[in-house]
Amino acid sequence: MTGEELVIRAEAAAANAYAPYSNYLVGASVLTRDGRFFDGVNVENAAYPLGICAERTAIAKAASEGLRPGDLEAIGINASPCGGCRQWLHEWQFELVAFRREDGSIAEYSPAALLPDGWDLPT
């Protein structure tokens, strides 16, 4: 699956986002190494810092099914990931992060390119 195809899945997922405060609907779609998909959306809260990003929702869904860092191959997002999510993407060892830029083009990066000097897993 291409990065663009994952972004299209993420855009479809974004319709389910719960964003009554910002009206900024974000979706993410994770592809696992064994071919499964986990979609996530941003979920806001009146106590604004308690909201959760789409990327973290999708990763948490995969984790709840027993997957661990290294099991997730790629993620598509309909927006550029925030700094906190960039650390999540790094720690979960994705190979590909694809997202839609404001100009409509698709960006494709490794987590290391998005977050140089990210914190690594404990050894």
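I started at Arg 33, which is partly exposed, with a relative accessible area of 39%. I kept in mind that this is a predicted model.

**Arg 33 and its partner**

I looked for a charged partner and found one. Arg 33 forms a salt bridge with Glu 95. The closest N and O atoms are 2.8 Å apart. I then placed both residues in the chain. Arg 33 sits in the loop between β1 and β2, and Glu 95 in the loop between α3 and β4. The pair links distant parts of the chain, 62 residues apart.

**Other salt bridges**

I noted four salt bridges in the structure. One of them joins Arg 100 to Glu 11, with the closest N and O atoms 2.6 Å apart. Arg 100 lies in strand β4 and Glu 11 in helix α1, so this pair ties together parts that are 89 residues apart in sequence. I checked Glu 11 for cover. Glu 11 is partly exposed, at a relative accessible area of 31%.

I also logged Arg 36 with Asp 34 as a salt bridge. Their closest N and O atoms are 3.1 Å apart. Arg 36 counts as partly exposed, at 34% relative accessibility.

**The hairpin of β1 and β2**

I moved on to the strands here. β1 and β2 run antiparallel and are joined by five bridges. I picked out one pair: Gly 27 has Val 41 in β2 as its bridge partner. Four residues lie between the strands of this hairpin. I checked the backbone there and found that Gly 35 takes a positive phi near 90°.

**The sheet**

I traced the whole sheet next. Which order do the five strands take? I read β2-β1-β3-β4-β5, in an open sheet with mixed pairing. β2 and β5 (106-109) stand at the edges, each with a single partner strand, so one side of each is left without a neighbour in the sheet. From one strand to the next, the twist averages 15°.

I then looked at β3 and β4. They pair in the parallel sense over four bridges. Gly 76 has Ala 98 in β4 as its bridge partner.

**Helices on the sheet**

I followed helix α1 (residues 3-14) across the sheet. α1 packs on the sheet and touches β1 (27-32), β2, β3, β4 and β5. Its direction makes about 135° with that of β1. For α2, I found that the helix lies across β1, β2 and β3. α2 runs at about 140° to β2.

**Helix α3**

Which residues of α3 (residues 83-91) are buried? I listed Cys 85, Arg 86, Gln 87, Leu 89 and His 90. I used the cut-off of under 20% relative accessible area for buried. I then asked what these buried residues pack against. They pack against α2, β3 (72-77), β4 (96-100) and α4 (111-114). I went one step past the helix. α3 is followed by Gln 93, whose phi is positive, near 60°.

**A nonpolar patch**

I finished on the surface. Tyr 18, Tyr 21, Val 43, Tyr 48 and Ile 52 form a nonpolar patch there. Together they have about 480 Å² of accessible area. I took Tyr 48 for a closer check. Tyr 48 lies in the loop between β2 (37-41) and α2 (54-64). Tyr 48 is partly exposed, with a relative accessible area of 49%. Patch residues need over 30% relative accessible area, so Tyr 48 at 49% passes that cut-off.

Conventions:
Residues numbered from 1 in each chain as written. Predicted model: local features only at pLDDT ≥ 70, side-chain atom pairs only at ≥ 80, totals over all residues. Heavy atoms only, no water. Patch = residues over 30% accessible without salt bridge, like charges linked within 9 Å, V, L, I, M, F, W, Y side chains within 5 Å. Areas by Shrake-Rupley, 256 points an atom, 1.4 Å probe, with all protein chains shown as cover. Salt bridge = Lys/Arg side-chain N within 4 Å of Asp/Glu carboxyl O. Helix = DSSP H or I, 4+ residues; strand = E, 2+ residues; numbered from the N terminus. Buried < 20%, exposed > 50% of the residue type's maximum accessible area, 1.4 Å probe, protein only. Contact = heavy atoms within 4.5 Å. Pairing = 2+ DSSP bridges. Axes fitted to C-alpha atoms, helices over the stretch in contact; angles between N-to-C directions.
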